[in-house]
Amino acid sequence: MQTQATSAIYQPNPSVLFETARDTLLAPYSLDDHALDHVFGDIMTHDVDYADLYFQYSRSEGWTLEEGIVKSGSFNIDQGVGVRAVSGEKTAFAYSDDISLPALKQAADATRAIARHGGSRQIGVVQQHHGRGLYLPHDPIASLTDSDKIELLERIEGYARALDPRVTQVIAHLAAEYEVVMVARHDGVRAADVRPLVRLSIQVIVEEAGKREQGSAGGGGRFDYAYFNDAILRDYAAKAVHQAVINLSARPAPAGEMTVVLGAGWPGILLHEAIGHGLEGDFNRKGSSAFSGRIGEKVAATGVTVVDDGTLHQRRGSLNVDDEGNPTQCTMLIENGILRGYLQDSLNARLMDVPVTGNGRRESYAHIPMPRMTNTYMLSGDKTRDEIIASVKHGIYAANFGGGQVDITSGKFVFSAAEAYMIEDGKITYPVKGATLIGNGPDVLTRVTMIGNDMELDPGVGTCGKEGQSVPVGVGQPTLRIDGGLTVGGTA
């Protein structure tokens with residue numbers, strides 16, 4: 001996997017995105033640039049620093065197969081517009097599910113209350129931001145018939161049951177979203193995007209001698225259902241069954257502070273939660289992050305380099321433009337242990353007098369944007385996984401993670417390991433269960449002693465929550481050895 005921002009491999013005509021957005025969002029309500037300028041004129045009669053309109057149309061569906069039958073299904077259509085005006089640190093926001101000129105003007109009137117004083121501001125000349133071409137503007141919901149979607153779920157269930165007779169239950173879930181967005185800003189910028197997103201997950205339960213364990217797997221990204229071919233389905237099924245079967249023979253995890261080896265890929269969720277949130281601009285502007293005011297300081301071990309990259313092709317966390325109309329980019333956060341920067345949206349970038357990084361994100365038109373991660377990962381080092389395992393006298397290898405939580409201000413976190421093993425005398429000896437990892441994010445960064453050459457991104461399953469908003473994200477890392485600073489909570 002390339003670890004630097006790369007040029008787009010897809011080159012859809014940028015005008016296609018604008019035409020799709022206009023036809024979907026504006027044309028049904030007879031809106032055009034002239035009408036939008038009138039709305040901005042109403043907002044800018046008072047002294048505001050920034051204003052934007054965020055139009056969104058989305059269709060989403062979900063299918064769940066359990067015990068061989070479709071137990072639930074959902075389909076949703078939503079559309080609306082959010083109107084925002086910013087004056088200094090104050091933000092006024094109004095939204096409506098009615099995309100019409102009267103509704104826009106009513107929302108604009110509601111935002112003017114934050115103005116510092118009367119005045120007039122010039123409206124910018126309309127200019128299109130073309131962004132990137134990271135994924136094709138396909139509608140994944142239309143890529144398969146309903147019967148084919150059910151058959152896909154039945155196939156992955158069949159693959160899982162065929163792998164081991166101890167499999168007693170399989171739950172498979174398929175989901176897709178087709179989203180069209182357009183951002184119009186007071187400075188004349190117009191940006192549009194058509195965002196496909198799919199995800200397939202499987203959970204299996206195995207039983208032996210009255211003992212039950214579970215395992216899960218899955219993945220997805222910004223493409224359509226054609227991605228889920230038989231090879232992918234078999235891989236997901238094998239990983240879920242493997243995890244469940246391993247846990248059947250797992251012993252209770254030991255407790256105490258010890259060396260921990262984190263696996264490549266999805267365990268990067270620890271990096272995301274314990275470190276990534278602390279590098280978002282709003283927390284640092286307000287001084288509530290453990291990384292506030294530390295640009296240029298050594299905050300991690302030598303060799304630790306962390307980036308946030310919204311430009312990776314077809315990845316779940318990637319965007320052609322962010323939700324403020326700015327192209328995404330690859331942002332260096334930590335370089336060889338030195339803190340280099342934060343993730344910025346337009347408001348925090350302006351107040352901190354730094355460039356925007358294309359990380360302004362929102363859950364929907366009914367939410368205000370804020371600095372959010374896209375795909376956050378640590379770059380590879382020079383050690384093999386086997387070398388790292390062999391270097392550990394006594395410790396835990398956390399191959400896969402479950403859930404966790406973190407306190408942004410202190411950096412303290414707790415994570416549960418979904419699949420873990422004991423390491424004794426440089427060898428993986430037996431699986432353990434019930435292991436939780438307890439530590440402090442900024443402190444853990446300084447205790448990384450070996451970095452693998454096997455950087456891997458997660459399979460495309462991450463969703464990040466912040467202040468009540470959820471957005472799709474990606475994580476990743478190579479195998480890491482961490483000495484000290486991590487307490488393993490176990491039951492042995």
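The following paragraphs describe the overall form of a predicted protein model and then several of its strands, loops and individual residues. Residues are numbered from 1 along each chain as its sequence is written, and side-chain values use heavy atoms, with hydrogens and water left out. Because the model is predicted, local features need pLDDT of at least 70 and side-chain atom pairs count only at pLDDT 80 or more, whereas totals for chains, interfaces and linings use all residues.

The protein has 10 helices and 26 strands, where helices (H or I, at least four residues) and strands (E, at least two) are DSSP runs numbered from the N terminus. For a compact globule of 492 residues a radius of gyration near 23 Å would be expected, and the 24 Å of the protein agrees with this; the radius is taken over C-alpha atoms, and the globule rule is 2.2 Å times the number of residues to the power 0.38. Along the principal axes, the C-alpha atoms fill a box of roughly 70 × 55 × 35 Å. Of the 492 residues, 55% count as buried, the term buried meaning under 20% relative accessible area, exposed over 50%, and partly exposed in between (1.4 Å probe, protein chains only). Contacts, defined by heavy atoms within 4.5 Å, are made by residues 24 or more positions apart in 77% of the cases with a separation of 6 or more.

Strand β20 (residues 436-440) shows two faces, since in a regular strand the side chains alternate between the two faces of the sheet. Leu437 and Gly439 point to one face and are buried, while Thr436, Ile438 and Asn440 point to the other and are not. Strand β20 pairs in the antiparallel sense with β18 (residues 412-424) over 5 bridges, pairing being assigned if DSSP finds at least two bridges between two strands; within this arrangement, Thr436 of β20 is the bridge partner of Ser416. Strand β20 also pairs with β26 (residues 487-489), again in the antiparallel sense, over 3 bridges, and Leu437 stands opposite Val488 in β26.

A further antiparallel pair is formed by β6 (residues 189-208) and β7 (residues 211-221), which are joined by 11 bridges, with Lys211 in β7 as the bridge partner of Glu208. These two strands form a hairpin with 2 residues between them, and Ala209 in the turn has a positive phi of about 55°. Most residues other than glycine have a negative phi. Positive values are also found for Gln314, with phi near 65°, and for Asn336, with phi of about 50°. Gln314 is placed in the loop between β11 (306-309) and β12 and is partly exposed, with a relative accessible area of 26%; Asn336 lies in the loop between β12 and β13 (338-339) and is likewise partly exposed, at 41%.

Strand β12 (residues 330-335) contains Thr331, which is buried, with a relative accessible area of 6%. Apart from neighbours within four places in sequence, Thr331 is in contact with Val306, Val307, Asp308, Tyr342, Leu343, Thr357 and Asn359. Gly360, in strand β14 (residues 360-361), counts as buried at 0% relative accessibility. The C-alpha atoms of Gly360 and Met370, which are 10 residues apart along the chain, are separated by 5.2 Å, and the contacts of Gly360 beyond four places in sequence include Asp322, Asp323, Glu324, Pro369 and Met370.
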